Amino acid sequence: MTAVQAVALVVVALGGTAVVLARDPARQALVAGIFGFSLAILFLAFQAPDVALSQIAVGAVALPAMIIYALRKVQRRDEVERERR
Amino acid sequence: MSRRLRLVIFGLGSSGMAALLAWGLAGLPSFGDFDGRYGQLLAHLTVPERHATSAVSVSTFDFRGLDTLGEEFILFTAAVGVLVLLRAQRAGETVAAEPMRQRQPTAESLTLRSIASALAAPVLVLGAYVVTHGHLTPGGGFQGGVILMTAFLLVYLAGTHLHMRGVRPLSAMEAAEGAGAAGFALIGVGGVVLAGAFLENFIGFGTVGNLISGGFIPLLNLSVGLEVMGALLVIVGELLDQRFLVRKGDW
Amino acid sequence: MSYLAYGVAAWLFLVGLYGIVTSRNLIHLVVCLTVVQASTYVLLLAIGYRHGATAAIYADIPTSRAVVDPVVATLTLTDVVVEATVAALLLCLAVQAHRRFGTLDPDELGALRG
């Protein structure tokens with residue numbers, strides 16, 4: 001196992017823990033983006049560039065965007081409900 | 001069930017699971033010593049038999065094409081599920097979606113809007129490149145489809161919509177998604193009709209390294225790219241109550 | 001050292017499960033699910049790796065060179081995109097639950113109670 005792979009594995013393990021421990025979803029979306037990026041680096045270290053490309057496009061771009069959009073939908077409903085009262 | 005009880009049960013379950021995982025993973029071949037004959041066989045057949053240089057793409061679309069068909073339909077179903085959930089919700093909605101005319105630009109920030117508009121076209125070209133070169137270099141329909149989706153999203157972030165003249169773009173993204181999914185299945189049927197087996201290659205293989213080589217893998221890449229782009233845009237569009245393409249005059 | 005890769009996969013799986021069990025917010029729960037999904041990718045790719053082998057793309061290397069297993073890369077790359085879409089579907093379910101119950105806390109969703 002090369003040094004790059006070992007470091008990347010440790011960073012991924014720490015990143016995964018950080019994603020779980022970040023309780024606020026908005027903050028968690030950002031941490032999830034960083035976690036996705038570190039996963040992509042790990043996949044590159046494992047000699048799988050296709051998977052790394054997939055992971056960058058999805059885990060660092062599309063997934064945090066979808067989390068934020070879902071949060072926004074929920075918050076808009078909360079605001080409207082609050083105004084109505 | 002109270003939280004503490006749930007935590008206790010989880011603690012017991014996870015320690016059992018951890019023990020099982022440790023026992024199972026210790027029985028695997030040591031890291032880096034995996035001697036998988038099937039994978040090596042596929043890798044050695046890639047260039048001489050299929051005239052394509054990316055063993056991963058050939059495995060995805062040619063040797064294991066049926067698995068990819070199944071995965072693609074999972075994606076299609078998930079997008080349809082999102083549509084059903086959020087559109088039915090919008091139909092019986094007490095919170096109105098923002099009406100299109102009043103919609104404000106996404107950001108007051110000039111930086112965001114200028115960078116987004118500058119990047120939209122290069123990202124589109126990058127996505128098209130990744131999709132079409134899937135059988136030669138790392139890439140393919142799945143990766144390129146997500147990149148193409150990002151290009152459309154950048155247009156939205158730039159605070160504008162893409163205008164289409166004449167064509168009714170209400171379901172353009174859904175049509176793209178459906179066409180991609182159906183395209184894959186129809187190419188498979190073409191394999192039955194023209195070559196004797198489902199998803200059997202029926203196009204000539206061409207020369208190694210050319211853009212048109214590898215049989216029907218470029219076609220499958222195109223259909224998957226179309227489908228992934230359409231599915232993700234449908235999902236993101238529903239989450240944003242947004243349409244990315246509008247007819248000129250509707251805006 | 002050789003067990004670090006498998007150990008990280010197992011750790012991600014258990015930590016993600018812990019996040020799901022102790023979550024107080026449905027959206028946080030879905031993101032913890034993506035951590036669990038990531039553990040399967042790490043495990044698959046760790047299995048397919050070979051010492052001294054390079055990526056399974058023959059565009060610039062001779063065909064006699066040793067390459068990593070392409071089948072696990074196949075499984076993983078389709079999986080990454082598809083599971084993100086499934087996560088999006090789950091996010092929409094969370095939004096729907098919020099609309100129905102007014103809360104995102106899993107402990108307070110009470111549909112099944114009489």
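How many helices and strands are there in chain B? Select chain B and have a look: you'll find eight helices and two strands. Keep in mind as you go that this is a predicted model.

**Stop one: chain B by itself**

Colour chain B by secondary structure and walk along the sequence. The pattern you'll meet reads α-α-α-α-α-α-β-α-α-β. Chain B has 251 residues, and 38% of them count as buried. Now think about which residues touch each other within chain B. Take the contacts with a separation of 6 or more: 75% of them join residues 24 or more positions apart.

**Stop two: where chain C meets chain B**

Next, keep chain B on screen and add chain C. The contact takes 46 residues from chain B and 38 residues from chain C. On the chain C side, select helix 1 (4–21), helix 2 (26–48) and helix 3 (70–101), the elements that each give two or more residues to the side touching chain B. Which of the elements gives the most? That's helix 3 of chain C, with 16 residues. Try colouring this side of chain C by residue class: you should get 26 nonpolar, nine polar and three charged residues.

**Stop three: where chain A meets chain C**

Hide chain B and bring in chain A. Here 34 residues of chain A are in contact with 42 residues of chain C. The pieces of chain A to select are helix 1 (3–21), helix 2 (25–45) and helix 3 (49–84), each of which gives two or more residues to the side that touches chain C. Helix 3 of chain A gives the most to this side, with 15 residues. Sorted by class, the side of chain A that touches chain C has 24 nonpolar, six polar and four charged residues.

**Stop four: two helices side by side**

Now show just helix 3 of chain A and helix 3 of chain C. Their axes come within 10 Å and cross at roughly 5 degrees. Angles under 35 degrees count as roughly parallel, so helix 3 of chain A is roughly parallel to helix 3 of chain C. The contact of these two helices has 18 nonpolar, four polar and four charged residues.

**Last stop: confidence in chain A**

Finish by colouring chain A by pLDDT. Its mean is 91, and 100% of its residues reach 70 or more. Which element of chain A has the lowest mean pLDDT, and which the highest? Helix 3 of chain A has the lowest, at 89, while helix 1 of chain A has the highest, at 95.

How values were computed: Residues numbered from 1 in each chain as written. Chains lettered and ligands numbered in written order. Predicted model: local features only at pLDDT ≥ 70, side-chain atom pairs only at ≥ 80, totals over all residues. Contact = placed C-beta atoms within 7 Å. Helix = DSSP H or I, 4+ residues; strand = E, 2+ residues; numbered from the N terminus. Nonpolar A, V, L, I, M, F, W, Y, C, P; charged D, E, K, R; others polar. pLDDT = per-residue confidence, 0-100. Buried ≥ 20, exposed ≤ 12 C-beta atoms within 10 Å, placed from the backbone. Axes fitted to C-alpha atoms, helices over the stretch in contact; angles between N-to-C directions. Parallel < 35°, antiparallel > 145°, perpendicular 65-115°, else oblique.
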